[in-house]
Amino acid sequence: MVLPSASGPPVKVLVVDDSVLMQKLMTKIIDGAPGFQVIGVAGSAEEGWDAIQDLRPDVVTLDLELPGRHGLKLLARVLKQDPLPVLIVSAFGGPGADNTIQALELGAIDFIEKPDGTTHTLEGFMAHLVAGLQRAAGSRRMFAAMRQAAQPLGAHRPSIAAAPGRESQRGGRRAFIAIGASTGGVPAVQTVMRDLAHLRLPIAVVQHMPPGYTAKFAGRLAAATGLDVREAADGDRLKSGMAVVAPGGPRHLEIEERRGEFVCVLKEGPLVSGHSPSVDVMFHSVARSLGAQAIGILLTGMGRDGADGLLAMRKAGAETLIQSGETCVVNGMPKAAYELGAADRVVPLGQIGAAVSNLLGERPNLRTA
C-alpha cells in the first residue's frame with residue numbers, strides 16, 4: 001500500500017458535509033495532516049457530484065445525513081460512474097448504523113464517527129480521521145484501475161457461481177471456516193459468505209468494527225446469504241449453516257472444540273495486532289483447537305492483523321487462502337500473510353468460494369455437514 005508522502009504532491013480531498021462547522025473543522029484537520037490538502041467543500045449530494053467532476057479529488061469524505069438523506073445515493077453514483085475512494089464521516093445513532101453498513105457494502109473505504117463530546121472526543125476524531133484518510137489514500141491504485149476499465153466496484157471483483165452442494169464426505173470430520181477482514185472487508189466478507197452458503201459449514205468472522213455495528217452487519221449477512229448469522233455470544237455452539245461475527249469492543253473471539261462441537265468463547269484482553277477483536281486471536285484459537293479441520297481465509301485490510309494467526313493455522317494443517325492483491329481495497333493484511341509464508345493459495349475475491357469447494361473435494365477427511 002502506498003501512503004501519501006509529505007515531500008510529494010498532496011492527496012487532494014473533497015469534503016462533503018452540510019454542516020459549515022464540520023466543513024471548517026475537517027478542513028483544518030486535513031490541511032494540518034502531512035500529505036493531505038482539502039481542495040473543496042460541498043453541502044449537498046448535488047454539489048458533491050459537481051465538485052467531483054470539476055475538482056477531480058483523490059479522496060472524498062462523505063456525510064450520509066445530507067439534505068434529503070441523499071448521502072447513500074451520491075456514494076452509489078460515485079462508485080458506479082466515477083470510482084473514487086470514499087471515507088464516510090457521519091454521526092452514529094439508531095438507523096444510522098444501517099446506513100453505515102449499507103455504505104460499506106456499496107464500497108466505501110471505511111467510516112469515522114463524528115465527535116459528540118462524550119464517547120467520541122475531538123482528539124479521537126482527529127486521529128481516526130487522519131488514519132482513515134491514509135487508508136483511503138492507500139486504495140487509490142485499485143480505484144484508478146477500476147476507472148480505466150470503466151467498471152463499477154462489483155464488476156472489478158468477478159463473481160463465480162457457487163458450485164452445487166455435495167453430500168457429506170464419508171468418514172470425515174466436519175470442516176470449519178475462519179474469516180478475517182478489515183478495511184474494505186464488508187462487501188468482501190459478504191461475497192465470500194454468499195459463495196460459501198451452499199456448503200452449510202459453520203463460519204466465524206472477525207471484521208474490524210466498533211461496538212454498535214457488528215450486530216447490524218450480522219443481520220445484513222443473514223439476509224444476503226440465507227445463513228443463520230448472528231453476533232457471537234459467549235458459549236454459542238456453531239452448527240451447520242450457522243455463522244457468527246465477533247462483537248466489536250473490548251473482547252476477543254476464540255473458537256474451541258468441545259465434544260465435537262465448535263464453541264464461541266469471548267475473552268477480555270488488550271489489543272492484539274492493534275485490534276480488539278483481533279483476527280490473530282481468533283485464527284490462533286482455531287489453529288490450537290481445530291487444526292486440519294479448519295480453513296482460514298484472510299481478506300482485504302490495512303496492517304498485518306491475521307498474518308501470524310494464519311501462519312499458525314497452516315502449521316497446524318489447515319488450508320489457508322488469502323485474497324489476491326489486485327482485488328483488495330487495501331492489500332495490507334493479505335500481503336503480510338503472504339510474506340510470512342502463511343498462505344497455501346492466493347485467490348481473487350470472486351473465486352474464493354469456488355476454491356473452498358474444490359478444497360473440500362480434494363480433502364476427503366473433511367465433510368460439509
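These are my notebook entries on a helix, a sheet and one threonine in a predicted model.

Setup. I number residues from 1 along each chain as its sequence is written, and side-chain values use heavy atoms, without hydrogens and water. Local features need pLDDT of at least 70 and side-chain atom pairs pLDDT 80 or more, while totals for chains, interfaces and linings use all residues.

Entry, helix α2. I took helices (H or I, at least four residues) and strands (E, at least two) as DSSP runs, numbered from the N terminus. In α2, residues 45-55, I looked up which residues are buried (under 20% relative accessible area, 1.4 Å probe, protein chains only) and found A45, G48, W49, A51 and I52. They lie on the same side of α2, because their arc around the axis (from directions to the C-beta atoms) is only 165 degrees. Their cover includes β1, β2, β3 and α3. R56 follows α2 and has a positive phi, near 50 degrees.

Entry, the sheet. I traced an open sheet of seven strands, ordered β9-β11-β8-β7-β14-β15-β16, with parallel pairing (pairs need at least two DSSP bridges). Its edge strands are β9 and β16, each paired on one side only. β9 and β11 pair over four bridges, with R230 opposite V244 in β11.

Entry, T320. I placed T320 in β15, residues 319-323. T320 is buried, at a relative accessible area of 0%. Its side chain reaches the backbone oxygen of A342 at 2.7 Å. I also listed its contacts (heavy atoms within 4.5 Å) beyond four places in sequence, among them G296, L310 and D344.

Methods:
Buried means under 20% relative accessible area, exposed over 50%, partly exposed in between (1.4 Å probe, protein chains only). A polar contact is a pair of N or O atoms within 3.5 Å; within protein, one must be able to donate a hydrogen and the other to accept it, and residues adjacent in sequence count only if both atoms are side-chain atoms.
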